[in-house]
Amino acid sequence: MPQLALFDTGPRVLLDDASGLVSYTPDCIEAALAQRWFESLRADIPWRAERRQMYDREVDVPRLTAHFHFDQPTPALLLDAAERVGAVCGTRFNSVGLNYYRDGRDSVAPHNDHLYEIAEEHPIALLSLGATREMLIRAKQPPRRLLKIDLEPGSLLLMSYTVQLHYDHGIPKTRNTVGPRISLAFRVKPDRR
């Protein structure tokens with residue numbers, strides 16, 4: 001297997017088999033622009049604190065969220081980001097879900113995207129802004145392959161549709177001191193008509 005050059009910033013293929021494709025591109029968005037986008041989104045997005053039913057009780061979702069479908073009013077910054085990410089992925093995205101992780105206590109449990117909410121054969125692209133956070137991608141069936149990825153600011157993680165069938169992904173809580181992070185999850189949603 002070829003080794004990555006020390007300063008290689010192109011896509012790194014982490015998984016490419018019958019279970020899907022996962023690739024990681026550090027520095028997909030240059031650092032200064034990624035920082036400006038982070039600061040703007042943190043200040044200007046109408047973030048929502050949600051509650052969800054977990055087993056026998058309702059709990060706070062451990063992060064803030066927002067969502068935009070591009071046939072509705074959407075901030076220009078998000079449309080620009082979708083266009084740039086789409087050019088890298090060869091996909092025209094029509095929605096973005098945002099997660100704001102304020103510190104290491106904020107997280108998202110292991111999950112896969114709901115297949116009825118994404119158009120078949122289109123990837124999910126995760127653009128990271130702000131502090132670096134670890135993502136875990138774990139196979140649902142044995143052998144339980146585990147990918148640990150440090151999602152750096154300005155980086156892009158691409159997961160094929162098929163990956164959602166075979167893997168869960170999540171951002172675990174951490175006791176380490178970490179700064180705030182915003183993730184932009186670009187998707188192609190099925191036609192809502």
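This note sets out, point by point, some strand pairings and one buried residue in a predicted model.

1. The β1–β2 hairpin. Strand β1 covers residues 12-17 and is joined to β2 by 5 bridges, the two strands running antiparallel. Between β1 and β2 there are 2 residues, and the two strands form a hairpin. As one example of the pairing, R12 has Y24 of β2 as its bridge partner.

2. The further pairing of β2. Strand β2 is also joined to strand β10 (residues 156-159), by 4 bridges and in the antiparallel sense. Here T25 stands opposite L156 of β10.

3. The cover over β2. Is strand β2 mostly covered or mostly uncovered? The strand spans residues 20-25, and 5 of its 6 residues are buried, so β2 is mostly covered, buried being under 20% relative accessible area.

4. The β3–β4 hairpin. Strand β3 (residues 48-54) and strand β4 (residues 57-69) are antiparallel and pair over 6 bridges. One of the paired positions is A49, whose bridge partner in β4 is L64. The two strands form a hairpin with 2 residues between them, and Y55 in the turn has a positive phi of about 60°.

5. Arginine R133. This residue belongs to strand β8, which comprises residues 133-139. R133 is buried and has no salt bridge. Why is there no salt bridge for R133? The nearest side chain of opposite charge, D103, is 6.3 Å away, whereas a salt bridge requires the atoms to be within 4 Å, so the pair does not qualify. The side chain of R133 does, however, reach the backbone oxygen of P172, at 2.8 Å.

Notes
Residues numbered from 1 in each chain as written. Predicted model: local features only at pLDDT ≥ 70, side-chain atom pairs only at ≥ 80, totals over all residues. Heavy atoms only, no water. Pairing = 2+ DSSP bridges. Buried < 20%, exposed > 50% of the residue type's maximum accessible area, 1.4 Å probe, protein only. Lys, Arg positive; Asp, Glu negative; His and termini not counted. Polar contact = N/O pair within 3.5 Å; in protein donor to acceptor, adjacent residues only side chain to side chain.
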